[in-house]
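Visitor: I have a structure here that I would like to understand. Could you take me through it?
Guide: Certainly; let us look at it together.

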Amino acid sequence: MFPHSVTLCLERTMKPHHLLVALILPVVQSLVQYEILEELGPETLVGNVLADSGLNQQLPQDVIPDLRFAILPGKNSKYFLVDREYGLLKVNQTFDREVGCSRRISCVLDLDVAIVEPAVLFQVIKIEVTIQDLNDNAPEFPTPQVTMAIPESSPLGKPGYSIEAARDKDAGGLGVQRYAMVSESPMFDLNVQRNLDGSFDLHLLLNGSLDREVDSTHSVVVVAYDGGNPAKSGSVSIDIHVTDTNDNSPRFVQSTYEVTIPEDISPLTSIVQVEANDPDEGQNGQVEFTFASQTQELFGHVFHINSSTG
């Protein structure tokens, strides 16, 4: 369990002539923040709401034994339970961060715990529970094996042979952090670039001249490592077939496109057009535009690209 912090937001002194107000209007006493790991089992202690809110110091000591607590209904109330007499907050249902907070950097569950008895001391205590990630997932490539065709006339160092990056359901520092290549052929090297959004671009670099008549196939293995200790890993095997056609890859006219759009823009409005060229002739020079797999996963429900026009 991680240390918790308490932030007091409002203090309200209850007097006898305020009894009617207390019975009608909930009084928010404080905000209590906790941090716990995901996938904790039922009955795991989260914290002492009475003590962590400071109410045990604010209320008369002789009334504390008479206090009774309850969790108010809410979307996250099913994951927790509170001891009615002592105000101990516990886990009720195991929470899987990758399911409950998919694609979110931070995962915070809010709920309300109330002093329900005696009615004159009714208080609502706001609770925020931050769910910390466990390194319970290994990096995975979209497919475990890839077949790639590379022309024998390809120039050395050409970074045109892209590899789909691995994905990791774990967030932040427990996601994919680095790549390495294990190769049975000295002809290739791995070029890794990390983007501003944390994703990776992977390309095979050609280190030597290919001769299809001498060796028509090569094999390499790319391994992705996450940030755990010890690190988990996943790999993809790449079978390379040497061909003598289509010796150019598409290149974008610009390496970066930036555009600002209003939040109320109408659906299907064109916001930017990307342009790429391929110097090959005929069908080998035709360019098709698609989103990278991670871009499609994160933003495919918001944006669309025309495969022909960009």
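Visitor: Let us begin with the disulfide of C101 and C107. Which hand does it have, and why?
Guide: The disulfide is right-handed, because the torsion about the S-S bond of C101 and C107 is about 60 degrees. Please keep in mind that this is a predicted model.

Visitor: How far is it from S to S?
Guide: The S to S distance between C101 and C107 is 2.0 Å.

Visitor: And how many disulfides does a search of the whole structure find?
Guide: The search finds 1 disulfide.

Visitor: Is C101 buried or exposed? And what about C107?
Guide: C101 counts as buried, because its relative accessibility is 3%. C107 counts as buried too, with a relative accessibility of 1%.

Visitor: Which residue touches C107 from elsewhere in the sequence?
Guide: One is T130, which touches C107 and V108, and also Y34, E35 and I36. T130 belongs to strand β8, which covers residues 123–132.

Visitor: How far apart are T130 and V108?
Guide: In sequence they are 22 residues apart, whereas in space their C-alpha atoms are 4.3 Å apart.

Visitor: Is T130 buried or exposed?
Guide: Neither word fits: T130 counts as partly exposed, because its relative accessibility is 21%. The cut-off for buried is under 20%.

Visitor: So what about N137? Where is it found?
Guide: N137 is in the loop between β8 and β9, the latter being residues 145–151. N137 is buried, because its relative accessible area is 19%, and buried means under 20%.

Visitor: What does N137 have around it?
Guide: Beyond its neighbours within four places in sequence, N137 is in contact with E98, D168, K169, D170, D226 and K232. In addition, a polar contact of 3.0 Å links the side chain of N137 to that of D136.

Visitor: Let me step back. How many helices and strands does the chain have?
Guide: The chain has 5 helices and 17 strands. It has 310 residues, and 33% of them count as buried.

Visitor: Which strands pair with β14?
Guide: Strand β11, residues 176–183, pairs with β14, residues 217–226, in the antiparallel sense over 7 bridges. β14 also pairs with β15, residues 233–243, again in the antiparallel sense, over 9 bridges.

Visitor: Which residues stand opposite V221?
Guide: V221 in β14 is the bridge partner of V182, and V221 also stands opposite S237 in β15.

Visitor: What do β14 and β15 form, and how many residues are between them?
Guide: They form a hairpin, with 6 residues between the two strands. P230 has its place in that loop, and a cis peptide bond joins N229 to P230, with omega about 5 degrees.

Visitor: Where is there another cis peptide bond?
Guide: Another one joins E117 and P118, where omega is about -10 degrees. P118 is in the loop between β7 and β8.

Visitor: Why do you point these out?
Guide: I point them out because most peptide bonds are trans, and most residues other than glycine have a negative phi. On that second point, E39 is not a glycine, yet its phi is positive, about 65 degrees. E43 is also a residue other than glycine with a positive phi, near 75 degrees.

Visitor: Where are E39 and E43?
Guide: E39 has its place in the loop between β2 and β3, and E43 lies in the loop between β2 and β3 as well. E39 counts as partly exposed, because its relative accessibility is 35%.

Visitor: Now the interior. Which residues have the most contacts inside the largest nonpolar core?
Guide: They are Y34, L67, F80, L89, V113, I127 and V129, in a core of 28 residues. The elements that each supply at least two residues of this core are β2, α2, β5, β6, β7 and β8.

Visitor: What other core lies apart from it?
Guide: Another core, of 24 residues, lies apart from the largest one, and Y179, V220, V236 and V242 are among its residues.

Visitor: Why would such residues gather?
Guide: As a general tendency in soluble globular proteins, nonpolar side chains tend to be buried together.

Visitor: Finally, how much accessible surface does the chain have?
Guide: The accessible surface comes to about 18,400 Å², and 50% of it belongs to carbon and sulfur atoms.

Technical notes
Residues numbered from 1 in each chain as written. Predicted model: local features only at pLDDT ≥ 70, side-chain atom pairs only at ≥ 80, totals over all residues. Heavy atoms only, no water. Helix = DSSP H or I, 4+ residues; strand = E, 2+ residues; numbered from the N terminus. Buried < 20%, exposed > 50% of the residue type's maximum accessible area, 1.4 Å probe, protein only. Areas by Shrake-Rupley, 256 points an atom, 1.4 Å probe, with all protein chains shown as cover. Contact = heavy atoms within 4.5 Å. Disulfide = S-S within 2.5 Å. Polar contact = N/O pair within 3.5 Å; in protein donor to acceptor, adjacent residues only side chain to side chain. Pairing = 2+ DSSP bridges. Core = buried A, V, L, I, M, F, W, Y, C linked by side-chain atoms within 4.5 Å.
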